[in-house]
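User: Please take a close look at one part of this model for me. I would like to see how one helix sits among its neighbours, with each term explained as it comes up.

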Amino acid sequence: FGYSTQYQRPVIDVIGSPMLNTILLNLLTMIVVFVISVPLGILTAVRKNGVFDKAVQVVTIIGYSIPSFIIALLAIFAFAVKIPIFPISGVRTAGFEGNSFQMALDTLWHMALPVIVMSISGIGGITRYVRAAMIDVLRMDYIKTARAKGLSQPAIIWKHALRNSVTPVVTVLGPIAAGVLTGGFVVENIFSIPGMGRYFVQSIQNLDYT
């Protein structure tokens with residue numbers, strides 16, 4: 001990877017810890033996104049054109065449209081300044097000492113607000129994908145046959161429709177993951193997280209091309 005002119009060390013030695021922070025941040029974000037968006041997309045498809053569906057559509061469009069740095073600034077103002085629930089920067093409390101479990105909890109506490117910020121746009125996008133795919137699947141003949149046989153609605157959705165509706169979502173995992181990662185660059189800088197995004201921006205500012 002070359003030699004860093006800023007840190008006077010091989011690049012491979014510099015990016016080890018930041019890479020782990022970035023992977024952890026994005027992994028937690030993807031877990032939150034899919035745990036929330038897949039059930040939400042299914043529920044909106046089942047209740048198509050209802051009040052719940054329309055409300056979710058409005059919220060997801062807003063969340064998907066607002067840039068991550070604006071959401072981050074609003075989140076910091078609301079949950080770190082006005083209501084100081086989460087820390088405002090870093091991945092660990094300065095001078096914190098404890099066992100491995102306590103250290104992990106402290107890291108998750110610092111990661112919570114950045115993960116929430118990064119999850120908002122992801123949830124909006126995936127929810128709409130799942131909703132559209134589920135609506136298409138529910139129109140299929142085999143779903144009508146299952147209903148004619150007397151299967152319950154939950155059985156039709158979870159055992160038959162979900163399997164085929166998730167397939168289109170898998171095809172967009174790559175672009176979505178890339179979007180979360182690039183969004184993470186901005187969020188990492190705002191929350192002063194020592195990850196690859198922050199190091200990437202610093203390397204540009206310091207002309208550290210390698």
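Analyst: What follows is about helix α10, its surroundings, and one further helix contact.

This is a predicted model, in which local features need pLDDT of at least 70 and side-chain atom pairs count only at pLDDT 80 or more, while totals for chains, interfaces and linings use all residues. Residues are numbered from 1 along each chain as its sequence is written, and side-chain values use heavy atoms, with hydrogens and water left out.

Helix α10 covers residues 196-205. Helices here are DSSP runs (H or I, at least four residues), strands are runs of E of at least two, and both are numbered from the N terminus.

Start with the packing of α10 on α2. Two packed helices are described by the angle between their axes and the distance between the axes. The axes of α2 and α10 come within 8 Å and cross at roughly 130°. An axis is a line fitted to C-alpha atoms, for helices over the stretch in contact, and the angle between N-to-C directions runs from 0 to 180 degrees. The crossing makes α2 oblique to α10; angles under 35 degrees count as roughly parallel, over 145 as roughly antiparallel, 65 to 115 as roughly perpendicular, and the rest as oblique. On the α2 side, Pro18, Met19 and Thr22 meet Met196, Gly197 and Tyr199 of α10, where contact means heavy atoms within 4.5 Å. These residues divide into four nonpolar, two polar and no charged. In this scheme Ala, Val, Leu, Ile, Met, Phe, Trp, Tyr, Cys and Pro are nonpolar, Asp, Glu, Lys and Arg are charged, and the others, Gly among them, are polar.

Tyr199 also takes part in a ring pair. Rings of Phe, Tyr and Trp (its six-membered ring) pair if their centres lie within 6.5 Å; planes under 30 degrees apart are stacked, over 60 edge-to-face, and the rest tilted. The count comes to two aromatic pairs. In one, the rings of Tyr7 and Tyr199 have centres 5.7 Å apart and planes at 15°, so this pair is stacked. Tyr7 lies in the loop between β1 (3-4) and β2 (9-10), so the pair ties together parts that are 192 residues apart in sequence. Tyr199 is partly exposed at 25% relative accessibility, and Tyr7 is partly exposed at 29%; buried means under 20% relative accessible area, exposed over 50%, and partly exposed in between (1.4 Å probe, protein chains only). The loop between β1 and β2 also holds Gln8, which has a positive phi of about 55° although it is not a glycine.

The other pair, Phe185 with Phe200, is tilted, at 5.4 Å centre to centre with 35° between the planes. Phe185 belongs to helix α9 (residues 173-190) and Phe200 to α10, 15 residues apart. Phe185 is partly exposed at 23%, as is Phe200 at 44%.

Val201 is found in α10 too, and is partly exposed at 26% relative accessibility. From Val201 to Val186 the C-alpha to C-alpha distance is 9.1 Å. Between α9 and α10 is a loop that includes Ser192, a residue with a positive phi of about 55° although it is not a glycine.

Finally, α2 (residues 16-46) has a contact with α3 (residues 51-65), their axes coming within 8 Å and crossing at roughly 135°. Leu40, Leu43 and Thr44 of α2 make this contact with Phe52, Asp53 and Val56 of α3. Here the division is four nonpolar, one polar and one charged.
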